[in-house]
Protein chains: 2
Amino acid sequence: MTLTQLEAFVLVARLGSVKAAARSLGVSEPAVSSALASLRQQLGDSLVQRTSSGMELTPGGRRLVPIASQMVGLAVEAEAAIRQAQGAPDNLRVVATSDVAESVAPALVAAFNAKSKAVEVSLGVCSTEDMAAILQERLADVGIGPSLSSDGFPRLECSPLFRYRLIFVASPDHHLSGAAAIEPRALAHETWLVGPDAGDERSPVRSLLDRLHVPEARISVFPSHAAALTAAEQRQGIAPAVAHVVLDDPEPRGVVPLAVRGTPVELLWHVTMLAADRRSLASAAFHRFVGTPAATHAMHAPLRGVRPSQFRPPVYVTIWN
Amino acid sequence: MTLTQLEAFVLVARLGSVKAAARSLGVSEPAVSSALASLRQQLGDSLVQRTSSGMELTPGGRRLVPIASQMVGLAVEAEAAIRQAQGAPDNLRVVATSDVAESVAPALVAAFNAKSKAVEVSLGVCSTEDMAAILQERLADVGIGPSLSSDGFPRLECSPLFRYRLIFVASPDHHLSGAAAIEPRALAHETWLVGPDAGDERSPVRSLLDRLHVPEARISVFPSHAAALTAAEQRQGIAPAVAHVVLDDPEPRGVVPLAVRGTPVELLWHVTMLAADRRSLASAAFHRFVGTPAATHAMHAPLRGVRPSQFRPPVYVTIWN
DNA sequence: CGCCTAGATAAGCGATCGGTTATCGGATAG
DNA sequence: CTATCCGATAACCGATCGCTTATCTAGGCG
């Protein structure tokens, strides 16, 4: 029974699939499967069994989850405690959905870092779907993205962070540029140039594309939002974008907003972390920070110096440990 | 950071020496030392440092102890939880000092076993000194021996179990047999035939020998009390013994009690286990059991069928896991 | 019916673990 | 000063871990 095995098991139990757990851990599927096999053999219980709809816990597995989860949590706590005892900088791992990670997160993280020098902040990317489990399993300390409040993760606390506007942009040459009061359903057969969050089942962009019934063939997914925007400048296509990031850019992009009815879409990003009694000192400091005007200001500031290379290449994987 | 390493560290911290930890775990000294080295390297903290008087914790080490302790505790809890979920018999590991293990413990354990068929009980031996740490680290569930109440192990609960009389016996041929009102200090230069607990710093027999200033050369330590008694039948020497065990034996030993002033010595054995809120179901059942008349009766019953071979050969080591 | 998805299994590989015996080093006591 | 105790280290070894790629297999679905 190793901590690695326990962590794999907990993630399988929490996420309901070996595949998702493997993705969250950034390893291959058999790695997780065999970790599970070792546990099963050693404990003499199958722990989880596949059913038609995901993986179901056995009675033994159900008991193991909270214990194993706590053990893994204690392991990271141990490391943090010792680092702190030595006066070493505390560590804060922020995960965000890809849209956040490419818009407001860098500035927010930088501002926080400037203020609390004793904390080392790192920024990662994950899908909305995995975020709750990642936070609960302490693979990360803070999550930024859509609201996670109704997820059945009672130990997580989710609060509104930032109100933003989703707009659609295109090159000035685009045939819809300049058109007035465009009907949304007219966009169903346009070419869409989107960032990685189009792969995230629960991202606003994804649900929008789903609602419009845009066929797969008309969607081009880019490894970053910046790349999607660049493509929109050059190719005929529509890109969703966060309003203030595109419009207030000091070096304006070669795209213009489209006058689509119902836009800009008002949306909210939330910040999620463990409940107050079990979060780390650094997490608590971050939580306090995001309530300050300095944080709001940083997020509203135009995006500066963000290059796609700043973001982890494997966008949908969060790797630490 | 593996559980094995954490356990080694905790035991070193608790027992104050690598040697004692190695003994408790039943492994060699370098095994513990290298486990410690791995932890030190990985966490970047020396954790414990040797001083003139034992090992001293660093600030980081001090923080790690409770966390690591909890982790290993959870590991054994996990196994127990799953075993129980499968309806498998619960497991109760009893440790006792060697005097108890050879006198009342077998009957007590057997009686408990007969009553709760769903619990598998095993009996081990350890020194008084190590008992508290062994219980706290869940290497065993129940400890029987001298009182441990003043040991600075706040999570342990210690209650009186059994009042017994310590007497001295010798062969009827012995020159002191039949003598009246023997002065204790007259025994200082006799030959003593004692069981393994003479090696236990805190056993009553040891402190008695210390008080009499019996020279090392006059003490013969046997691998079991039974062996010491047998030797007393055949050789010229005095053996300490638990009164009712020797006197009520259905097949009387060839020894007689000596009329030493101050004897019989009234002593108490205690039972120690984790505090009520963190003990296992089986431990709780055992705790209830020792308060019943059946338990008292079992302990008072003459020792039946006890052979030295029933006791672990390496007397001062407790091995499970 | 065959395809597809997702988990299990096989085979293999390097790193680490966990243990041993033997030796070294440093403080303490006599 | 030397003997001794105790922890650290060296050298070594087998088992396991943790991971990979490739293949197998059981259900669900068109």
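The paragraphs below go through a predicted model, taking the two protein chains, the two DNA strands and then some features within chain A.

The relation between the protein chains comes first. Chain B can be superposed on chain A by a turn of 179 degrees combined with a shift of 0.2 Å along the axis, and the RMSD of the fit is 0.2 Å. The two copies are therefore related as by a two-fold rotation axis. Within chain B, M71(B) has the C-alpha nearest that axis, at 2.8 Å. The contact between the copies can be described in similar terms: because 100% of the interface residues of chain B are also interface residues in chain A, the copies meet through the same surface.

Next comes the DNA, beginning with strand C. There are 18 residues around DNA strand C, and K19(A), R40(A), T2(B), T4(B) and S28(B) are the closest of them. Of the atoms of this strand that come within 4 Å of the protein, 71% belong to sugar and phosphate. Two polar contacts to the backbone of the strand involve one residue from each chain. The side chain of K19(A) places an N or O atom 2.9 Å from a phosphate oxygen of DNA strand C, and the side chain of T2(B) places an N or O atom 3.0 Å from a phosphate oxygen of DNA strand C. A base is also reached: an N or O atom in the side chain of E29(A) is 3.2 Å from a base nitrogen of DNA strand C.

The surface near DNA strand C draws at least two residues from each of α2 and α3 of chain A and α1 (3–15) and α3 of chain B. The most comes from α3(A), which gives four residues. By class, this surface has six nonpolar, seven polar and five charged residues.

DNA strand D can be read in the same order. It has 17 residues around it, of which T2(A), T4(A), S28(A), K19(B) and R40(B) come nearest. Sugar or phosphate accounts for 73% of the atoms of DNA strand D within 4 Å of the protein, and bases make up the rest. On the phosphate side, an N or O atom in the side chain of T2(A) is 2.9 Å from a phosphate oxygen of the strand, while a polar backbone atom of V18(B) is 3.2 Å from a phosphate oxygen. On the base side, E29(B) has a polar side-chain atom 3.1 Å from a base nitrogen of DNA strand D.

For the surface near DNA strand D, α1 (3–15) and α3 (29–43) of chain A and α2 (18–25) and α3 (29–43) of chain B each supply at least two residues. Here α3(B) gives the most, with four residues. The residues of this surface comprise six nonpolar, seven polar and four charged.

Some features within chain A remain. The structure holds 15 salt bridges over all chains. One of them joins R23(A) to D130(A), with the closest N and O atoms 3.2 Å apart. This pair links distant parts of the chain, since R23(A) lies in helix α2 and D130(A) in helix α7 (residues 128–136), 107 residues apart.

Further along chain A, strand β11 (residues 265–274) pairs with strand β5 (residues 142–145) in the antiparallel sense, over four bridges. In that pairing, G145(A) stands opposite H270(A). Strand β6 (residues 156–170) of chain A also runs antiparallel to β11(A), and 10 bridges join the two. R163(A) has L268(A) as its bridge partner in β11(A).

How values were computed. Residues are numbered from 1 along each chain as its sequence is written. Chains are lettered from A and ligands numbered from 1 in the order in which they are written. This is a predicted model: local features need pLDDT of at least 70, side-chain atom pairs count only at pLDDT 80 or more; totals for chains, interfaces and linings use all residues. Side-chain values use heavy atoms; hydrogens and water are left out. Copies are superposed by least squares on the C-alpha atoms of residues with pLDDT of at least 70 in both. Contact means heavy atoms within 4.5 Å. A residue is near a molecule or strand if one of its heavy atoms lies within 4 Å of it. A polar contact is a pair of N or O atoms within 3.5 Å; within protein, one must be able to donate a hydrogen and the other to accept it, and residues adjacent in sequence count only if both atoms are side-chain atoms. Ala, Val, Leu, Ile, Met, Phe, Trp, Tyr, Cys and Pro count as nonpolar, Asp, Glu, Lys and Arg as charged, and the others, Gly among them, as polar. Two strands pair if DSSP finds at least two bridges between them. A salt bridge is a side-chain nitrogen of Lys or Arg within 4 Å of a carboxyl oxygen of Asp or Glu.
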